[in-house]
Amino acid sequence: MGFLKRNYGWMIVAVLAIIPLFILSSMFKIDSTNGIALSLVDNGGKEGMSTLEMLYHISGEFAIRWMTAVLTCTPFFILFGVNNLFVRQAMGIATAVWSLLHFAIFIWAEGFLETFTQVNYVAGFIAVLILIPLLFTSNRKWMKKLKRTWKKLQSWAYAAIVLSLLHVAILEKTWLIYAIIVGIGFIIRIPFIKEKLIALRTKKSSIA
């Protein structure tokens with residue numbers, strides 16, 4: 001019980017990040033007639049997209065959703081005083097895993113060299129490159145090892161979200177809602193506004 005009480009936050013994040021993988025797994029079929037062969041299920045062009053396009057779309061949506069969620073952690077703390085570093089790390093790991101999965105599906109569908117043919121692809125590729133070191137250092141061991149440098153390294157997540165928003169904006173996908181959420185988060189981080197909000201929250205807490 002003690003373990004669950006201390007770690008329920010990141011466990012919830014892990015479950016939420018893993019569940020959509022079952023949706024993706026349902027799009028594959030395994031044929032063991034002549035050895036083991038993995039192929040895609042034909043969805044009959046459901047929603048106007050092939051199965052591969054659906055894989056690409058779903059993985060990309062979850063990647064940017066998790067990335068946006070990570071960047072709401074600091075504004076959430078400023079507004080409500082609730083913060084859990086290990087939950088944030090779990091969300092960061094979910095972001096990186098879904099982003100890498102999205103990129104892997106893109107390479108499978110288009111080939112690696114296609115990455116450099118369009119600005120939006122390059123932006124997405126750079127975002128993935130930024131997330132790789134963040135993924136491998138999102139744990140307590142690297143926090144202790146890097147100390148102050150760890151926080152500076154993790155701040156590169158801001159560049160990753162900007163590049164990701166550019167990526168989806170050029171693709172003309174639903175990106176505005178994510179841009180609004182991230183934009184509000186950046187406004188809340190402005191020192192003057194941040195101090196006012198924290199002072200207001202503290203005052204309300206003391207009255208209560």
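Here a biologist questions a modeller about a predicted model.

Biologist: How do you know that H8 has the span expected of a helix?

Modeller: Helix H8 runs over residues 157–170, which is 14 residues. At 1.5 Å a residue they should span 20 Å. The end C-alpha atoms are 20 Å apart, so the two agree. After H8 comes Glu 172, with a positive phi near 60 degrees.

Biologist: What makes a residue of H8 count as buried?

Modeller: Its relative accessible area must be under 20%. Ala 157, Ala 160, Ile 161 and Leu 163 are among the residues of H8 that are buried. So are Ser 164, Leu 165, His 167 and Val 168. The buried residues of H8 pack against helices H2, H4, H5, H7 and H9.

Biologist: Which residues touch the most other members of the largest nonpolar core?

Modeller: Val 13, Ile 58, Trp 66, Met 91 and Trp 98 do, in a core of 25 residues. Helices H1, H2, H4 and H5 each give two or more residues to this core. Another core lies apart from it, with 18 residues, including Ile 64 and Leu 165.

Biologist: What makes Val 13 a contact of Trp 66?

Modeller: Contact means heavy atoms within 4.5 Å. Leaving aside neighbours within four places in sequence, Trp 66 is in contact with Val 13, and also with Leu 16, Ala 17, Met 91, Ala 94, Thr 95 and Trp 98.

Biologist: What lines the largest pocket?

Modeller: The largest pocket holds about 700 Å³ of space. Of its 24 lining residues, Thr 74, Arg 88, Lys 151, Gln 154 and Tyr 158 are the closest to its centre. H4 gives the most to the lining, 5 residues. The lining divides into 12 nonpolar, 8 polar and 4 charged residues.

Terms used. Residues numbered from 1 in each chain as written. Predicted model: local features only at pLDDT ≥ 70, side-chain atom pairs only at ≥ 80, totals over all residues. Heavy atoms only, no water. Helix = DSSP H or I, 4+ residues; strand = E, 2+ residues; numbered from the N terminus. Expected span 1.5 Å × (residues − 1). Buried < 20%, exposed > 50% of the residue type's maximum accessible area, 1.4 Å probe, protein only. Core = buried A, V, L, I, M, F, W, Y, C linked by side-chain atoms within 4.5 Å. 1 Å grid on protein atoms, 1.4 Å probe; cavity = no way out; pocket = protein on both sides within 12 Å on 5 of 7 lines; lining within 4 Å. Points joined across faces, edges and corners; volume = space filled by probe spheres on them. Nonpolar A, V, L, I, M, F, W, Y, C, P; charged D, E, K, R; others polar.
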